[in-house]
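Me: I'm new to this structure and would like a close look at just one part of it. Could you take me through it step by step?

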Amino acid sequence: MNTKEIFNRLALLLSLLLIYACVREIVPATGERRYLGFSWQQETEIGKQVSKEVMALFGVYRDPKVERYVAEVGNRVLATSDLRRPGIDEQIRKTPVTFGVLDSPIINAMALPGGYIYVTRGMLAHFNNEDQLATVLAHEIGHVAARHAARQAWQQQLGQGLLLGGALLGQGLGLPAQDILNLGSMAAQLIFLRYSREDELEADKLGVQYSSAAVYDPLQVIPFFQTLERIQEKEGQAMPSFLSTHPNPGNRIDRIREMTGSARPKRAIPTDARHLTAIEGLVLGEDPRQGFVEGSVFYHPDLRFRFPVPRGFKIINQPTQVIMVEGQNRAMLGFTSAREKSLQAAVTRFLNQPGLRILDRGPMRSNGLPAYVVVADAQMQNGQVARIIAYFVEYGGMVYHFVGYTAPQLFNSFRNVFLQTMQGFGPVQDPRILNRQPVRVALQTVRQPAPFRELIPRSLPAPFTPEDVAILNQVELNQRIDPGRILKIPAAR
Ligand SMILES: [Zn+2]
């Protein structure tokens, strides 16, 4: 997605927000009519648009077995929810709800307005049974049924958040982050939307209600919350996680106990085995097939290229682009593939963009590959000017495109930093890189009772530690495990 497309989408979404900012409609979860920021129709429109951005930002985990499983559990809970309650608005009852799996190792779930519900593969891996998945999906359905996003929009919190969202990444640069990437755009605001504590409690209450009605045990979610706390303590995740968007877990656990009361599902079989079978083979942690950094070099085994990452730059690897940001946010380097298949076509389109003042340009070579460089001043959306260096290189039937951004007065200090990465782009032949495979979930049934740490393999694939594997299984390292239990073990192929 290029800058212009991001803006067009942003403008469209903002106009939706600003034009239709007042409706009085039904809230399915309570049956009352309230003032809302979006009509149901707008909610579904916004959800549909933003869901495309969510999929582009994280990537979709394509595995029919896993996708089917999540949709099955989601639909089971949905059927008992207020979105399907007899007597509710036909328009709402007929709205399809999408359940999807995002290809991300972070642990999160999200509900977009109008019924787009996502769970990450990282979260799926950390669930121990179907009840945990069902209760989290029911919580997310609760947000949709209570129309929390539309209620927030009515209170204008959302609109303000959107307008202020630009500062996320570009601060030191004076560039709004939307100029460069989708972070900080409307989508990111909705994705990382923080609901109020009241909204979270209401979603918990609805989640408990819906999952119980679907004969799941909501109390199972408690050990999962404890797992999240352990992860948070251990590392503190870089990306917003379920915990940071869902406040005060200690308190939540007590409330969920209260809400559930003594009603327990009358069910013969535990759901552990079903869940574990569904996630057997799931990718764990980062997927190196989509690119990885080793020794300050970024490698993409599927596309067979590499380039050095500038020293002191953070790297964000998204399915459609790689972003490298200088430690103090003073410079940024983006990498993506061009739509055009020839170097000349890609360069021509770039040069014809409005708002560019070309300072220098000419052909180059990069490890024997044909390349082209452009230095220009670019007018940013906030009226400021950034000096950029764009670099195109043709390889393997594709054109790859780097753009380095910084303030004009800093350009001389970053020019060579950018160029080093750009001209360091080249092919990869090393089979050790090309054949790198992700770590996956393997299942192992316990035969003899033993402490957990004695049951897992001595050597685990990097970067997994015994503690990680204990967290993954929601147990303590010294905890005695009974025979018959199935464990999740990270396995390299
Ligand atoms: Zn929530």
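In which loop does R147 lie?

Reply: Happy to help! R147 lies in the loop between α6 and α7 (148-154). Before we look around, a word on the model: it is predicted, with local features requiring pLDDT of at least 70 and side-chain atom pairs counting only at pLDDT 80 or more, while totals for chains, interfaces and linings use all residues. Residues are numbered from 1 along each chain as its sequence is written, and side-chain values use heavy atoms, leaving out hydrogens and water.

The names with α and β follow DSSP runs, numbered from the N terminus: helices are H or I runs of at least four residues, and strands are E runs of at least two. R147 counts as buried because its relative accessibility is 1%; buried means under 20% relative accessible area, exposed over 50% and partly exposed in between, using a 1.4 Å probe and protein chains only. The backbone of R147 also deserves a look: its phi is positive, about 55 degrees, although R147 is not a glycine. Most residues other than glycine have a negative phi.

Now step back into α6, the helix of residues 130-145, which packs with helix α11 (residues 197-213) at an angle of about 125 degrees, their axes 7 Å apart. Axes here are lines fitted to C-alpha atoms, for helices over the stretch in contact, and angles run from 0 to 180 degrees between N-to-C directions. With that angle, α6 and α11 are therefore oblique to each other. Under 35 degrees would count as roughly parallel, over 145 as roughly antiparallel and 65 to 115 as roughly perpendicular, with the rest oblique. The crossing of α6 and α11 is right-handed, the near helix being turned clockwise from the far one by less than a right angle (anticlockwise would be left-handed).

Which residues meet there? From α6 come A134, T135, A138, H139, I141, G142, H143 and A145, and they meet D199, E200, A203, D204, L206, G207, Y210 and S211 of α11. Contact means heavy atoms within 4.5 Å. Sorted by kind, the residues of this contact are seven nonpolar, six polar and three charged. Here Ala, Val, Leu, Ile, Met, Phe, Trp, Tyr, Cys and Pro are nonpolar, Asp, Glu, Lys and Arg are charged, and the others, Gly among them, are polar.

Another resident of α6 is Q132, which is buried at a relative accessible area of 0%. Leaving aside residues up to four places away in sequence, Q132 touches H126, F127, Q220, V221, P223, F224 and Q474.

That last name leads us onward. Q474 sits in the loop between α20 and β20 (480-481) and is buried, with a relative accessible area of 14%. Its phi is positive too, about 60 degrees, although Q474 is not a glycine. Q474 is also among the residues touched by R230, a residue of helix α12 (residues 221-234). R230 counts as buried at 16% relative accessibility, and its other contacts, again beyond four places in sequence, are E467, A470, I471, V475 and E476.

One last stop is P463, in the loop between α19 (452-455) and α20 (466-472). The peptide bond from A462 to P463 is cis, with omega near 0 degrees. Most peptide bonds are trans.
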